[in-house]
Structure formats: C-alpha cells, structure tokens
Amino acid sequence: MRLMPQPEIQEPMAPMYFVKLPLVQHEFNVRGLTVRDEDILKGSATSPKKMSDTLNHLMYDCIESSMKTGENAPFPTFTAFVNGITPSDRDALLFGIIMASYDVEHDMSIQCGSCNTKTTEMINLASLLKVDMYEGDVPILTKHPILQYPEYGWTVFLKQPTLADEIKILSSSKGDSAPEHQYLIVDHIEATAKDDAGNTIPIVMTNPLEIYGAFASKPAKVRKRLIKEWKEAFGEHGITASFEGLCPNCGNPLQINISPLAHLFFLVAHA
C-alpha cells in the first residue's frame, strides 16, 4: 500500500495589536496570550512580587521580535526592557495585550458603588481609551529635575520611575502599597551629616526605604511639595480607560476606571 503525502498544516498567526508607549514613545506590535500564558498568570497571583515578575516576563515575550533583535533594538534583553519603560507604558502594553488576546470587544466585570450589584458588560475597550503622550524636548527617562530643601540641607534629584525601580522595591518591601513605593520618584538625595568627630561629611541616599525614612518624620507639607514638584516637572502622561453607564439594579450612574492589570486577571480567570 502506498502512503499518500500528508498536507502541511500551517499554524495561524498569533493575533497582534499595535501599541505606542506614551512616555518612552516606542511603537510596535504585541501578540495575544496563549493558553499556556493564561495558566502561568493564573498561578502567579500568590504574591505581589511573583505576579510582577511573571507579568513583566510575559509582556517582554509578547513584544514583536524586531524590538529585541538588531543593532538598534531598544529591548535586546529583559533587563533593558524593565529599565527602558515606565509603569504608564506598562499600562499601554497591557491594554494592547488584552485586545490582542480577547478582541477589542469583550466582557468586563462591573460593580455598582451604590448597591454593590455585580454585572458583566460587553465593552469596546479601544473606544474607552484616552492617551496623553509625552512630547518633551528630552527623553523622559533622562530628566532629573532638582528640588532644594534648604531647611534640611537636602538636594533632591527627581526622576521618572521605571519597571526596574518597581522590581527593586517589591523585593525589599510589602508590595506596591508600602509607603516607600511613593518615593520611587526620587533618584537620590544629596545631604550632609556629622561624623563622630563632629565633622560634616556628604551623604547620598538612593534606596527608597532610606529616602522614606528621611521624609517620615518631616511635616506633611514636605511630601506634598515633593509630589507637586514632580507632577509639574513630568506631567501626568499615560493611558487611561473608563466606563460609564447605569446600574441595571438601582439605576444610579456608573463610572468605572479600568485597571489594565485587574481587567486582565478578570479575563484570564473567566477564560
């Protein structure tokens, strides 16, 4: 008996979605999640650190290869990736991965703030997005505005945090709700101290835990000024999504700010 040649089966291309990162301004395609990716994500929700590590590696894997290979590729390694994008850019990446994975139109979990009724609504995610692109004269990750606190002898150098900054603090704190997380906007503080002989010596604080410790005993207005000056220097650029509607139970207006991380895990859990 003569065996007939079997036809070659072509694997369909993975669905892709085009994204532009609002702060660092790189643009490229991202692929959708696979079944294996979903299972990995489901197993990561045991701690903030594990979830962050899993998600960051998965995002890097979803980026098209041209961003990781070649002479001028911005993200040739995972380390370059986490040092080269901001949390706001991460949100844009996640929204892109969500739409590549589950289409632009898909379900979203909604809870009424008045009567606590939970419903699932079909949304068009792309239509709910608002993007504010950074358009400064210099790359945002190279900006280091200086803030003086003469009453404490501090010179504070500000920065735009990256994913690498988040990774460092998640390794040394209780997660992104820890108070020191707020001080990722500080690159370092130059100050002075007295040694045992009474001599004035220069010191430099770079660890967010150490920087939080320096601010912790100061008046509340000191931190308020820090945050105000950072927002004035860097703006509040990025991507947001919000849903508006009416509660089907009580009829009250709904306005839901969509967290890309929470929305992704909802979709993964209900896949």
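# A walk through strands and helices

Start by selecting K130, which stands opposite T240 in strand β10. Keep in mind as you go that this is a predicted model.

**First stop: the strands**

Now widen your selection to residues 129-132, which make up strand β5, and residues 238-246, which make up β10. These two strands run antiparallel and are joined by four bridges.

Stay with β10 and add strand β11, residues 253-257. Here too the pairing is antiparallel, this time over five bridges. To see one of the facing positions, pick E244: its bridge partner in β11 is Q255.

What do β10 and β11 form together? They make a hairpin, with six residues between the two strands. Click on G251 in the turn, and you have a residue with a positive phi of about 80°.

**Second stop: helix α2 and helix α6**

Next, select residues 48-62 for helix α2 and residues 163-170 for helix α6. Their axes come within 10 Å of each other and cross at roughly 155°. Because angles over 145 degrees count as roughly antiparallel, α2 is described as roughly antiparallel to α6. The crossing of this pair is left-handed.

Which residues meet here? Show the side chains of P48, K49, S52, N56 and M59 on the α2 side, then those of L163, I167 and L170 on the α6 side. Sorted by class, the residues of this contact are five nonpolar, two polar and one charged.

**Third stop: helix α2 and helix α4**

Leave α2 on display and bring in helix α4, residues 87-102. The axes of α2 and α4 are 11 Å apart, and the helices pack at an angle of about 65°. α2 passes α4 in a left-handed crossing.

To view the contact, select L55, M59 and C62 from α2 together with R90, L93, L94 and I97 from α4. Six of the residues in this contact are nonpolar, none is polar and one is charged. M59 may look familiar: it also took part in the meeting of α2 with α6.

**Last stop: a pair of rings**

How many aromatic pairs does a search of the whole structure find? The count is eleven. For one of them, select F78 and F81, whose rings sit 6.3 Å apart, centre to centre. The planes of the two rings are 45° apart, and the pair is tilted.

Finally, show the backbone around F78 and F81: both belong to helix α3, residues 78-84. They are three residues apart, about one turn of the helix.

Conventions. Residues are numbered from 1 along each chain as its sequence is written. This is a predicted model: local features need pLDDT of at least 70, side-chain atom pairs count only at pLDDT 80 or more; totals for chains, interfaces and linings use all residues. Side-chain values use heavy atoms; hydrogens and water are left out. Axes are lines fitted to C-alpha atoms, for helices over the stretch in contact, and angles run from 0 to 180 degrees between N-to-C directions. Angles under 35 degrees count as roughly parallel, over 145 as roughly antiparallel, 65 to 115 as roughly perpendicular and the rest as oblique. A crossing is left-handed if the near helix is turned anticlockwise from the far one by less than a right angle, and right-handed if clockwise. Contact means heavy atoms within 4.5 Å. Ala, Val, Leu, Ile, Met, Phe, Trp, Tyr, Cys and Pro count as nonpolar, Asp, Glu, Lys and Arg as charged, and the others, Gly among them, as polar. Two strands pair if DSSP finds at least two bridges between them. Rings of Phe, Tyr and Trp (its six-membered ring) pair if their centres lie within 6.5 Å; planes under 30 degrees apart count as stacked, over 60 as edge-to-face and the rest as tilted.
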